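Good morning, and thank you for making time for this item. Please look at the sequence and the structure as they come up, and I shall then take you through them.

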Amino acid sequence: MSFLNSLISGISLGSIYAIIALGYTMVYGIAKMLNFAHGDVIMVGAYICFFATSRFGLPPLLGVLLAVIVCTVLGMTIEKLAYAPLRSAPSLAVLITAIGVSYFLQNAALLLWTPNPKVFPNFFARTVLTPEGAVFEKTGVELFGGALRISYVTLVTILVNVVIMIALTAFTGNTKMGKAMRACSEDKDAARLMGISVNTTISVTFAIGSGLAAIAGVLFMSAYPNLVPTTGSMPGIKAFTAAVFGGIGSIPGAFLGGLLLGVIEIFAKTYISTQLSDAIVFAVLIIVLLVKPTGLLGRQIREKV
Amino acid sequence: MAELLNVNDINVYYGAIHAIKGVSFHVDEGEIVTLIGANGAGKSTTLHTISGLLRSKTGSITFDGKNIGNVQAHKLVEHGLAQVPEGRRIFLQMTVEENLEMGAYTQPNANTAASLERVYEQFPRLKERQRQIAGTLSGGEQQMLAMGRALMSKPKLLMLDEPSMGLAPILVEQIFDIIQKLHKAGTTILLVEQNAQMALSVADRAYVLETGKITLSGTGDELIHSDEVRKAYLGG
């Protein structure tokens, strides 16, 4: 049972990585840049949702919606102010800018919301009355007489991930904007000659990635409720790893990479060592990249002549 | 015939390199005009400047009565300008039909089906392969796809950049047949070619570009019989 428990926790954690990894991979696919501030957008989303629900008493769903809206606008603003002026700059300049934006967001959060940890509420707990009349918070379902315990957060996380992946696949496969995004990721000048505005497309990509980051932030906080201004960096780095692992630029790659990374991490924690789990995760990444430098589902990048 | 495109004294630089030095020419409605010249003469640079991917420091580019010198590349399609870029530049990971749909990006969705029908009629081969990933097409088919994609926007002017590049002679003939058919159907064409023989044989008028300058111009017939052109581009 402990195997099944670990597997389910791994898939759940991996689902969060996968949702965050989408932001990295889509932005990389289209703007050809690594947006290292992406992890901190998660943190902003979590704070917005926290304040909306805990301080202003909004219902959870409205809190999440507000977080998504704020992060979408934040992502587009970051892109316009920080990255768009560097469109033709060397990639190192863009990378350093992204790291700068990341520090800016963390320090702005420190100033605004102090370093004191906030305890993120569990939206998925249900108040249950026992037959004896006692009241307790039910946070999950128990199967096989309590041997297998799955929390609601876990179930919702996995479900949300699946829905997002299906929706995004439909979006990039069937809509005009989605196809334009794929066209831009292949060849920007050719896309311009088709009448596609590359700037708009990049903007939309940032909007989608950042909105998803807000959702991931809420899900991550629901599972690990300790909210501080640096909350976003570790899941951000892990999700970036997941994106590279799966093949950066590929949406199914982000899905696969995220899930695998989550499962490996939890298994390493369960069966090997909690302290070494991150080292094991990154060791697996290094091995995969040595064998397949483009990642699991990454395509060979062909140099144009 | 009304003048459709007027390029007047453009100068284009790549950093310190002066690639286009005061080039002027025009294309009238219904014409096939060709720019010929050796590799590196500035043919593609000229096309990219017209389509807005590059900018000229001087002069003006007028298209259909409007100054387009400062219009962004992606807005020119709506003005009726389409370019088939050098090396085809189709979207290799998308299907044939998706590539064509991208060509109609600026058109209302309601028109796409009719445009697809029209292009499939011109290129029956593309219809056979509509669900295929474009990267799996042969070179000739990819060129047809690039041309079909450009025609999806019903352009007033079709600019073709080296359509014969990398194709077997039989396919080159096919592509030029198609160019002539498109011309007969009323499309105005600006053709850039290294294959001077083929280009001059279909062109109404032609310009010879040498190291960023126009050195000769005339009707296709005149140039094909000109000694200078024969020596430089037609192998004696």
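A residue is called buried here when its relative accessible area is under 20%, and exposed when that value is over 50%, with partly exposed in between. Please also bear in mind throughout that this is a predicted model.

I begin with a single residue in chain A. Is I16(A) buried or exposed? Its relative accessible area is 1%, which is under the 20% limit, and I16(A) is therefore buried. I16(A) belongs to helix α1 of chain A, which covers residues 2-31. Leaving aside residues up to four places away in sequence, I16(A) touches T157(A), A216(A), L219(A) and F220(A). As for A93(A), it is separated from I16(A) by 77 residues in sequence and by 29 Å in space, C-alpha to C-alpha.

I now turn to chain B as a whole. The secondary structure of chain B consists of 10 helices and 10 strands. Its radius of gyration is 17 Å, close to the 18 Å that the globule rule gives for 236 residues, so chain B is as compact as a globular protein of that length. The C-alpha trace of chain B spans about 45 × 40 × 35 Å along its principal axes. Of the 236 residues in chain B, 54% are buried. Among the contacts in chain B with a separation of 6 or more, 67% are between residues 24 or more positions apart. The area that chain B exposes is about 10,000 Å², and carbon and sulfur atoms supply 48% of it. As to charge, chain B carries 22 positive and 26 negative side chains, with the centres of the two sets 5 Å apart.

Next, the covered elements of chain B. In helix α3 of chain B, residues 96-103, 8 of the 8 residues are buried. They include charged side chains such as E97(B), E98(B) and E101(B), and V96(B), L100(B) and M102(B) are also among them. Against what do the buried residues of α3(B) pack? On the chain A side, their partners are α5 (152-174) and α6 (176-186). Within chain B, they pack against α4 (109-122), α5 (124-128) and α6 (139-151).

Strand β7 of chain B, residues 157-161, is another such element. Here 5 of the 5 residues are buried, so β7(B) is largely enclosed by the rest of the structure. In a regular strand the side chains alternate between the two faces of the sheet. In β7(B), L157(B), M159(B) and D161(B) point one way, whereas L158(B) and L160(B) point the other way, and all are buried.

Which strands are joined to β7(B) by bridges? One is β6 of chain B, residues 81-84, which runs parallel to β7(B) and is joined to it by 4 bridges. Within that pairing, Q83(B) has M159(B) as its bridge partner. Another is β8 of chain B, residues 188-193, also parallel, with 5 bridges to β7(B). There the bridge partner of L158(B) is I189(B).

Chain B also holds an open sheet of 4 strands with antiparallel pairing, in the order β2-β1-β4-β5. Its edge strands are β2 (17-28) and β5 (66-67), each of which pairs on one side only. At the β5(B) end, β4(B), residues 60-63, pairs with β5(B) in the antiparallel sense over 2 bridges, and F63(B) has K66(B) as its bridge partner. At the β2(B) end, 9 bridges join β1(B) and β2(B), again antiparallel, and N6(B) is partnered by H26(B). The hairpin of β1(B) and β2(B) has 2 residues between the strands, and G15(B) takes a positive phi near 60° in this hairpin.

I close with backbone angles at two residues that are not glycine. D9(B) has a positive phi near 55° and is found in strand β1 of chain B, residues 3-14. With a relative accessibility of 35%, D9(B) counts as partly exposed. T211(B) likewise has a positive phi, of about 35°. Where is T211(B) placed? T211(B) sits in the loop between β9 (205-210) and β10 (213-219) of chain B. The relative accessible area of T211(B) is 60%, over the 50% limit, and T211(B) is therefore exposed.

Thank you for your attention.

Note on methods:
Residues are numbered from 1 along each chain as its sequence is written. Chains are lettered from A and ligands numbered from 1 in the order in which they are written. This is a predicted model: local features need pLDDT of at least 70, side-chain atom pairs count only at pLDDT 80 or more; totals for chains, interfaces and linings use all residues. Side-chain values use heavy atoms; hydrogens and water are left out. The radius of gyration is taken over C-alpha atoms; the globule rule is 2.2 Å times the number of residues to the power 0.38. Buried means under 20% relative accessible area, exposed over 50%, partly exposed in between (1.4 Å probe, protein chains only). Contact means heavy atoms within 4.5 Å. Accessible areas come from the Shrake-Rupley method with a 1.4 Å probe; for residues, only the protein chains shown count as cover. The place of a charge is taken as NZ of Lys, CZ of Arg, CG of Asp or CD of Glu. Two strands pair if DSSP finds at least two bridges between them.
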